[in-house]
Amino acid sequence: MPNIRPISDLRNNFSRISEAVHEADEPVFLTKNGVGDMVVMSIEHYERQMARIELYQKLDEARSEIRAGAVGIDAREAIKDLMK
């Protein structure tokens, strides 16, 4: 279940929000006038999200290259070559 708090908690209870994002390793969603406004997360969580996005972008690029006719090598063969 997402952790949703009013944006005023960012000012009034910053340390509790900081503890929440680090302990649960989940973002905290902040609302302004009852409407979603922003998300607060730990640096570690953010970096993992960015790495995941980068991986998805690379996979999408590889799929596009394959659709365009690029010839690759079998993953098993690539691993064998790396092991040598």
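Me: Why is Asn-33 called exposed?
Reply: In this predicted model, local features are described where pLDDT is at least 70, side-chain atom pairs count only at pLDDT 80 or more, and totals for chains, interfaces and linings use all residues. Residues are numbered from 1 along each chain as its sequence is written, and side-chain values use heavy atoms, with hydrogens and water left out. A residue is buried under 20% relative accessible area, exposed over 50% and partly exposed in between (1.4 Å probe, protein chains only). Asn-33 has 76% relative accessibility, and therefore counts as exposed.

Me: Where does Asn-33 lie, and what is noted about its phi?
Reply: Asn-33 sits in the loop between E2 and E3. Its phi is positive, about 55 degrees, although Asn-33 is not a glycine. Most residues other than glycine have a negative phi.

Me: Which residue just after H2 also takes a positive phi, and why is Asp-25 called partly exposed?
Reply: Just after H2, Asp-25 has a positive phi of about 50 degrees, although Asp-25 is not a glycine. Asp-25 belongs to the loop between H2 and E2. With 29% relative accessibility, Asp-25 counts as partly exposed.

Me: What makes a stretch of the chain a helix or a strand, and how many of each does the protein have?
Reply: Both are DSSP runs, numbered from the N terminus: a helix is a run of H or I with at least four residues, and a strand is a run of E with at least two. The protein has 4 helices and 3 strands. Along the sequence, their order is β-α-α-β-β-α-α.

Me: Why is the protein called more spread out than a compact globule?
Reply: The radius of gyration is taken over C-alpha atoms, and the globule rule is 2.2 Å times the number of residues to the power 0.38. For 84 residues the rule gives 12 Å, whereas the protein has 21 Å, well over that value, so the protein is more spread out than a compact globule. Along the principal axes, the C-alpha trace spans about 55 × 30 × 20 Å.

Me: What share of the protein counts as buried, and which residues of helix H2 are buried?
Reply: Of the 84 residues, 14% count as buried. In helix H2 (residues 14-23), the residues Ile-17, Ala-20 and Val-21 are buried.

Me: How do you know on which side of H2 they lie?
Reply: The arc is that of the directions from the helix axis to the C-beta atoms. The buried residues cover an arc of only 90 degrees, which puts them on the same side of H2. An α-helix has 3.6 residues a turn, so residues three or four places apart point the same way. On the other side of H2, Arg-16 and Glu-23 are exposed.

Me: What covers the buried residues of H2?
Reply: The cover includes strand E1 (3-6), helix H1 (8-12), strand E2 (28-32) and strand E3 (35-40).

Me: Why is Val-28 called buried, and which residues is Val-28 in contact with?
Reply: Val-28, in strand E2, has a relative accessible area of 1% and is therefore buried. Contact means heavy atoms within 4.5 Å. Leaving aside neighbours within four places in sequence, Val-28 is in contact with Asn-3, Arg-5, Ile-17, Ala-20, Val-21, Met-38, Val-39 and Val-40. The C-alpha atoms of Val-28 and Met-38, 10 residues apart along the chain, are 8.6 Å from each other.

Me: Why is Thr-31 called buried, and which residues does Thr-31 touch?
Reply: Thr-31 also lies in strand E2. The relative accessible area of Thr-31 is 19%, so Thr-31 is buried. Not counting residues up to four places away in sequence, Thr-31 touches Ile-4, Arg-5, Pro-6, Ile-7, Gly-36 and Asp-37.

Me: What makes Ser-8 partly exposed, and how far is the C-alpha atom of Ser-8 from that of His-22?
Reply: Ser-8, in helix H1, has a relative accessible area of 30% and is therefore partly exposed. A separation of 19 Å lies between the C-alpha atoms of Ser-8 and His-22, which are 14 residues apart along the chain.
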